[in-house]
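The exercises below are meant for a reader who is meeting this structure for the first time. Each task sentence is followed by a solution that proceeds step by step.

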Amino acid sequence: MSEGALFAGPAMRRLRKKEGLTQAAMAARLSISASYLNLIERNQRPLSARVIVQVVDQFDFDPRSLREDEAIGGVDGLSRRFADERFSEFGIDRDEIAEFLAAAPHAAAAFARLYDTAGSGAREADDPLIQSRLEIERWRNHFADLDTMAEELSDELRLSRSDIGVALGERLREKHQLAVRILPREVLPDALRRLDLHARQLQLSEMLSQASRNFQVAMQIAQLERSAEITSIAAGSKFADEAARRLFERHLVGYFAAALLMPYSRFLRACDATNYDLPVLQRRFGVSFEQLAHRLTTLQRVGQRGLPFFMARIDRAGQFSKRFSGASATTILESESSCPLWIANKAFERAGELCRQSVTVEGSDAAPANWFTVARTVEGSGASEEARFVVVLGIEARLAANLAQARGIDLEQNAAQEIGPGCARCHRPACRQRSLPPRGALLQFDPISRGVTPFQFGPD
């Protein structure tokens, strides 16, 4: 099936049955042949634009329901769920998942809901951070309208100004009568940004780097000029939890800010021209490594796609504080903690250095196994030397051959470092770095010998 084609056979069949029509009668209403409708209902033909228009016109039908798979994140969202260790013995691969979703989208949606609200997924139903993340995944972290609006504004600002920081400040002054003021740390001890409408000032902490200052100003412009659009996108997501909606809105504000600093078309051209050379892109757009990593997960404009990166941020305990899969289909980010053998954890020992590693991921067949990853330490915003994280970027190894940072790295799977989804979910035997046995595994004890790890285990 073509990735861009719309196969909606089950939805069309349900609509026909709801209307009480035979295939011949419905085909006549749509001005197509009964045999063609039969092929559509069996997902052997995609819906054309003309047929979609006829469906909407004849049946007062909401065309968004033709893409029911989007509500659960499509094949990528379903693959993430099937990557759970409880399904590993079935060997469910991506092709089988795609067939399941195409043939029975309602059944797939029911499975996704059950997974998200039962068992280990129970916390996903209650945790606003996870709810927000799942919604971002459903969009593949690409919000086309925000990209377009940010690109138009960026073009407008570049007409007469070359320094984006100056241009952003001028925008605040001219359009919103706000001045940007940098304040000492003791005045803003616990804040990075504060809007003082009485003084008509956007106040920023002196602890912010120039890239972070630009980003904070861009976020303020997003809140002042695009709040209606951002609120509308978030309202369409129908969050049960208000905190989840606010977190999602905050993500959209940051998305617009990044799109303003790195406008889509110009940024993608620079990526292609430099082979995604990360330090060059940082300097060219005046952004931090973390801001750049965020932006690289969003390049999914129809007809103008970039490479499908994922991005994560971890702390010294190996916990994820940010996870964006984008269009990468990765399952590396689905565990509660990260593998200590992954370069993302080792990068803490090499502060400020770009650390590279090819990895193969133990686990489900539902997602690609071989990845090229790049990690680098970053400091918490405005918290120099007080908070340090590692930001990691990843892309399928088969797509990484021409990347600037992949030069000299053997991308063949047999040369990659094997990693797992954290010790509690990893069943790799004889791992010298293992800290915990895998959950559900049968522990084995040998009174006359000791293995290389403290835990020996057999099948679940």
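Four exercises on this predicted model follow.

**Exercise 1. State the confidence of the model, and determine in which helix it is lowest and in which element it is highest.**

Step 1. Begin with the whole chain: its mean pLDDT is 86, and 89% of its residues reach 70 or more.

Step 2. Turn to the elements. Confidence is lowest in helix α8, residues 122-126, with a mean of 56. The highest value, 98, belongs to α17.

**Exercise 2. Describe the open sheet: which order do its strands have, and which strands form its edges?**

Step 1. Establish the order. The six strands of the open sheet are arranged as β7-β6-β10-β9-β8-β11, and the pairing is mixed.

Step 2. Identify the edges. β7 (320-324) and β11 (417-419) each pair on one side only, and they are the edge strands.

Step 3. Consider the twist. Direction ignored, neighbouring strands of this sheet are turned by 30° against each other on average.

Step 4. Examine the pairings. Strands of a sheet pair through backbone hydrogen bonds, in either a parallel or an antiparallel sense. Between β9 and β10 there are nine bridges in the antiparallel sense, and A375 has V392 in β10 as its bridge partner. β8 and β9 also run antiparallel, joined by six bridges; here R356 stands opposite V374 in β9. By contrast, β8 and β11 run parallel and are joined by three bridges, with I419 in β11 as the bridge partner of V361.

Step 5. Assess how far β8 is covered. This strand spans residues 355-361, and six of its seven residues are buried.

**Exercise 3. Characterise the two largest cavities by volume, lining and residue class.**

Step 1. Count the cavities. A search of the whole structure yields five cavities of 30 Å³ or more.

Step 2. Describe the largest cavity. It holds about 90 Å³ of space. Twelve residues line the largest cavity, and D76, G77, E137, S325 and G326 lie nearest its centre. Helix α5 (residues 74-82) gives the largest share of this lining, three residues.

Step 3. Describe the second largest cavity, which holds about 70 Å³. Among its lining residues are Y276, F309, F372, V374, L393 and I395. Both β9 (370-379) and β10 (388-396) supply at least two residues each to the lining of this second largest cavity.

Step 4. Set the classes side by side. The lining of the largest cavity has one nonpolar, six polar and five charged residues. The lining of the second largest cavity has eight nonpolar, three polar and no charged residues.

Step 5. Connect this with Exercise 2. V374, which lines the second largest cavity, is the residue of β9 that stands opposite R356.

**Exercise 4. Describe the second largest pocket: which residues lie nearest its centre, and which element gives the largest share of its lining?**

Step 1. Give the volume: the second largest pocket contains about 1400 Å³ of space.

Step 2. Locate the centre. Of the 50 residues that line this pocket, E290, H294, R313, K322 and F324 lie nearest its centre.

Step 3. List the contributing elements. Two or more lining residues come from each of α9 (128-138), α12 (210-225), α14 (242-261), α17 (289-296), β7 and β9. The largest share, six residues, comes from α14.

Step 4. Sort the lining by class: 17 residues are nonpolar, 20 are polar and 13 are charged.

Note on methods: Residues are numbered from 1 along each chain as its sequence is written. This is a predicted model: local features need pLDDT of at least 70, side-chain atom pairs count only at pLDDT 80 or more; totals for chains, interfaces and linings use all residues. Side-chain values use heavy atoms; hydrogens and water are left out. On a 1 Å grid over the protein atoms alone, a cavity is a set of points where a 1.4 Å probe fits but cannot get out, and a pocket is an open set with protein on both sides within 12 Å along at least five of seven lines; lining residues have an atom within 4 Å of a point. Grid points are joined across faces, edges and corners, and a volume is the space filled by probe spheres set on the points. Helices (H or I, at least four residues) and strands (E, at least two) are DSSP runs, numbered from the N terminus. Ala, Val, Leu, Ile, Met, Phe, Trp, Tyr, Cys and Pro count as nonpolar, Asp, Glu, Lys and Arg as charged, and the others, Gly among them, as polar. Two strands pair if DSSP finds at least two bridges between them. Axes are lines fitted to C-alpha atoms, for helices over the stretch in contact, and angles run from 0 to 180 degrees between N-to-C directions. pLDDT is the predictor's confidence in each residue, from 0 to 100. Buried means under 20% relative accessible area, exposed over 50%, partly exposed in between (1.4 Å probe, protein chains only).
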